[in-house]
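The following exercises ask the reader to work through a protein model step by step. Please inspect the sequence and the coordinates before consulting each solution.

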Amino acid sequence: MPATKVRSKSHFKTVQTIDLKYCPVTFTQYESTRTGMRCVVVDQKGPKVNGYFALATEIHDDSGAPHTLEHLCFMGSKSYRYKGLLDKLATRAFSSTNAWTATDHTAYTLETAGWDGFAQILPVYLEHLIVPTLTDAGCYTEVHHIDGSGEDSGVVYSEMQGVQNQSGELMDLQARRLLFPEGIGFRYETGGMMEHLRVLTTQRIRDFHKEMYQPKNMCLVLTGEVDHADLLNILDDFEETIIDDVPTLNAPFKRPWVESTPIPALTKTIVERCEFPEEDESMGEVMAGFLGPDVHDQIACAALGVLLSYLCGSSISVMENTLVEREQLCSSASYSTDTRPNLVIWFVLSSVETEKLAEVEERLFKLLKDTAANPLDMPYMHDCINRWRRQIKLRCENAGDFFADPIIEDHLYGPRDGSELREFADIKELDTIQEWTDQQWRDFMRKWMSDAHHVSILGVPSKAMSKKITDDEKARVQAQQEKLGEEGLKELAEKLQQAKADNDKPIPDSLLEQFPVPDTESVHFISTITARSGAAKSGKQKLDNSIQQIIDKDEGDSSVFLHFEHIPSNFVRIKILLGTNALPVELKPLLSLYLMNFFTTPVMEDGQRIEFERLVLDLERETVGYGIDLERSNAEMLYIAFETEPDSYEKIIRRIRTLLFDAIHDPIRLQASLTKILVDIPSEKRSGSSMLGAVEAMLSFDQTSSGRACSTLAKSLYLKRTRKLLKDEPDRVIEQFTKLCESLHRPENLRIRVAGNIESLHNPVSAWKALTSSLDLSKPLEPLIDRKEKLTDYARTPGNAAYIIPLSSIDSSYARIACKGIDSFSHPHLAALIVAQAALDSVEGPLWVAVRGNGLAYGTNCGYRLSTGLVSFSISRSPDIYKAFMAAKEQVEGYASGTLNFDKFALEGAVSEIVLNMANEQPTMAAAAATSFTNQVVLGIEKDWSHQMLAKVRDVTPEQIREAMTKYMVPLFNPKSANLLVTCAQIMTEKLEENLKGAGFTSVQVKALADFEDDYGLEVPGGDDAEGDDEEDDEDDSEGDDDSEDGETPGSSEGSG
């Protein structure tokens, strides 16, 4: 980018510049001498610039003022008094905005493709934070209101309605109430409890803003390719505009958290029950919390992180191995920490049998005491330290929130002079604890965990509570309606309309024109170099580049499918794709067991049986991460992935050979994996959004689909019966599992990707002989699977189908509508459809304003998926799905018919959003490599398909957009051409069914989740009654780290906003 000169008298001084010694990253910290505002820039190459604007926020009530203020800041500012202007400008500038409210801070985000767009939006965004309008009308629509029918609504209200009574939320709040006494801000629900949101006033929010939203309390964190001089000029100019609106630098200010009442130590251990609404009362959870070391003690904090990894970081760690793998008391044992003046340590044991909750909680603490009382496995402790070191270096390549989080935490709790930020320069604390003795580690563990007072919460599912919440809410709303009466409801309807009118004043075109769309040349997209070997060359144009020459030189007679992506990286990422088409239908649901068991099974090495603990130990020593799952871009395939250092490249290939061809199918290990899967199913069924997807999978795909077979509603019956069979007829199950593995583990079924610095690999191709030697390589590569072949009539010819699935575990509702769409990357209407959906879906666009802006849902999303040929529309966390549906219908039909028109700013914004999505596909080197492979190998398109599509979307006309909307979007709202699925709170069912029938969905069916389950024809001796025998033998009995690659999948656009 062109160099920018800093003005000679900038009010922002450079506090320090920090060069990190373990990765090529530099921090630069600035501070304003006028206002005290701080800024930290993290310089890193890539197409995206990310901003995190954080304020320390402390409150001592459950009003939700921090959360509601976060929403209201987007409603206008001193100089830009128009709701939605900020987001409209962001949309034009390759940018998107977002925010979150945590217990101890509020953060606003700006992510942009390139510096130019970021620089354009930054001062406007900051003004919205420091001098927002905070009007009564904005608070009324955005936070909470009662509509003309007497129902409660509002964006924030809808959001909290969707989470307040979830098990995790209820347990977390109760635990914090016990950990922190009155007067300590960490005990409160900063998101706002529904009963408090209903009475929250605008003045309370204004007062909170005045107290907390001061420049001296704000830290800006920027990551990416930043023009520092331009940044400082922008910040100087911005301060000139608000200097008279904010307190002076020396005005009294009580720094949140740092100058607050200290957290008192726990004086006793407390164990309490916490009920949560749930029809299935079989499985609960255990949560335990401790107050940990001082946040300023870097060595203690590092030691805590390593010790927690030692205790429950993987399937061989103490807690996971004992409680999950061997004793099978829960499905997982996980940990987390909250950064506070004293760290807070959490353990969560998931999916515990309800009647054993107290027993399992006691077992947890006995295990911790026993561990601290006996010598630790010091070699494994050192392995944990070394792996921690490697993972830090890997995450440095991905930047983003990896750096943002600790910098924000330093702003919240660290000294103002930046002295603790300097400690990021190295990771010397790991060197210090590497020298700790066994006794030091055990003393540390006793102090903070095994001998420490703690709070334990036993999460108990309650059918009675579910009914009570439903009945109480029904009675409350009815009483509210009766109290208001017809006249009162009419007045509220008028008040709401007036508030909408006040909020939705049109933004002058002249104002938008002041912010031009940046040049796409300002976005520095990441390039990779592709090379191919063996079957990967088949049917492909010959590549002529330096990396291909390296590959050709080492290739020999290799025929295995190898695809290489060269990127500058200190790590190598290996990904193996396996097709599932050859797998018999009756074995498809066993894929979930295969995925769970893959890394936790015994293997044969050199003629000796190696137990899974040794296997995992070796994997952890040789990798930074590893994982297995369904392939995101085609759920009819699986992937196995490893991240390692170049020196371990050949070791990992040998390890892959062992895992694929020398695994032992051990009944005890399979039993343990089955148990973990099955005990998680009740908790999976508590999620409204997840069950919407699960039901859709069962209806849309036939039994030959692997994606369907791995869904919750396919696993529940089939795997329960498999567990019974494994107990009674183990040989039969082993035979089936062996057949499954043989079907998958064939050379002609493998597609392998290697991404990294290929020049650093000594034998990039020939090393794979360790995998393929002695295998039959004569068969041709098997073709990829077309998901459209798996569709049922429900998805092939959508229309006249509507299902409502009531769930006792949610207070809100979710919906997805689907109809026929586009199924080809070369379809002539695709560019127009992409622009149409981007324009409709944009922040402060038509659907946002009509649905979210009116408090009818927390979010909506238009989607398309070429792999199925369907387009979709989703609604999330809605207090009234019908009203949200009708509001969206009006907008889509209006724009399609021409009754409503997209202005040039909306279309420019849509194209800008597409540019940002391209940057989101490849924000890092690893993500760019992953996208290139997915495009060329899985999707069969050019690696730069997105760039080609960008050229097409720029030429799309308004007439083409209307044509695409008429053909593909309008049918979504016609019951004759669309399928509708809804998951909702039980209280919503009756009214929703009535309204949907009135809207033309004449065949609405109310179904339970059980109605969609499928046993795939698997029967067990004794019939269905035998399924209830869940008693386990007292036998000894998993998974590795996820392969966390970034990047989106071209050819699809789905989600929730």
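The exercises below concern a predicted model, and each is followed by a worked solution.

**Exercise 1. State how the chain is divided into domains, and how far apart the domain centres lie.**

Solution. Step 1: the domain assignment gives domain 1 as residues 529-787 and domain 2 as residues 797-1012. Step 2: taken over C-alpha atoms, the centres of domain 1 and domain 2 are separated by 32 Å. Step 3: the contact between them draws on 34 residues of domain 1 and 27 residues of domain 2.

**Exercise 2. Locate the spans that UniProt annotates as peptidase domains, and describe their secondary structure.**

Solution. Step 1: an unreviewed UniProt entry places "domain: Peptidase M16 N-terminal" at residues 60-137. In the model, this span is 44% helix and 21% strand, and its end C-alpha atoms lie 26 Å apart. Step 2: for "domain: Peptidase M16 C-terminal", UniProt (unreviewed entry) lists residues 200-377. Residues 200-377 are 38% helix and 26% strand, with 54 Å between the end C-alpha atoms.

**Exercise 3. Determine whether helix α1 (residues 65-72) is enclosed or open to the surroundings.**

Solution. Step 1: apply the burial cut-off, which is under 20% relative accessible area. Step 2: A65, P66, H67, T68, L69, E70, H71 and L72 are buried in α1. Step 3: because eight of the eight residues are buried, α1 is largely enclosed by the rest of the structure.

**Exercise 4. Describe the largest nonpolar core, and identify the residues that touch the most other members.**

Solution. Step 1: this core contains 185 residues, of which F27, M319, W441 and Y594 touch the most other members. Step 2: helix α10 (residues 298-312) supplies the largest share, 11 residues. Step 3: domain 1 (529-787) and domain 2 (797-1012) both give residues to the core, so it lies between them. Step 4: consider M319 in detail. Leaving out residues up to four places away in sequence, M319 touches L311, C312, V324, A333, F347, L349, L364, L367 and L368. Step 5: a second, separate core has 82 residues, including L577, L847, L856 and V892. As a general background to such cores, nonpolar side chains in soluble globular proteins tend to be buried together.

**Exercise 5. Characterise the setting of A888: in which helix does it lie, and what does it touch?**

Solution. Step 1: A888 lies in helix α32, which spans residues 881-897. Step 2: the relative accessibility of A888 is 0%, so A888 counts as buried. Step 3: beyond residues up to four places away in sequence, A888 touches L847, V851, F873 and F973. Step 4: for a distance in space, take T722, which is 166 residues from A888 in sequence and 45 Å away, C-alpha to C-alpha.

**Exercise 6. Analyse the surroundings of H566, including its side-chain polar contact.**

Solution. Step 1: H566 is in strand β16 (residues 562-566). Step 2: with 12% relative accessibility, H566 counts as buried. Step 3: a polar atom of the H566 side chain lies 3.1 Å from the backbone nitrogen of I758. Step 4: I758 is also among the residues that H566 touches, together with T528, I529, I547, G756, N757 and E759, not counting residues up to four places away in sequence.

**Exercise 7. Establish how strands β20 and β21 are paired and connected.**

Solution. Step 1: β20 (residues 625-630) and β21 (residues 637-644) pair in the antiparallel sense over six bridges. Step 2: one bridge partnership links Y626 to F642 of β21. Step 3: the two strands are joined by a hairpin through six residues. Step 4: β20 is mostly covered, with five of its six residues buried.

**Exercise 8. Contrast the settings of S351 and S774, for which phi is positive.**

Solution. Step 1: recall that most residues other than glycine have a negative phi. Step 2: phi of S351 is near 50°, while phi of S774 is near 75°. Step 3: S351 lies in strand β13 (residues 342-353), whereas S774 is in the loop between α28 (769-772) and α29 (793-796). Step 4: S351 has 4% relative accessibility and therefore counts as buried. S774, at 69% relative accessibility, counts as exposed.

Conventions
Residues numbered from 1 in each chain as written. Predicted model: local features only at pLDDT ≥ 70, side-chain atom pairs only at ≥ 80, totals over all residues. Heavy atoms only, no water. UniProt positions renumbered as here; feature names shortened; annotations may be inferred. Helix = DSSP H or I, 4+ residues; strand = E, 2+ residues; numbered from the N terminus. Core = buried A, V, L, I, M, F, W, Y, C linked by side-chain atoms within 4.5 Å. Buried < 20%, exposed > 50% of the residue type's maximum accessible area, 1.4 Å probe, protein only. Domains from an automatic or database assignment. Contact = heavy atoms within 4.5 Å. Polar contact = N/O pair within 3.5 Å; in protein donor to acceptor, adjacent residues only side chain to side chain. Pairing = 2+ DSSP bridges.
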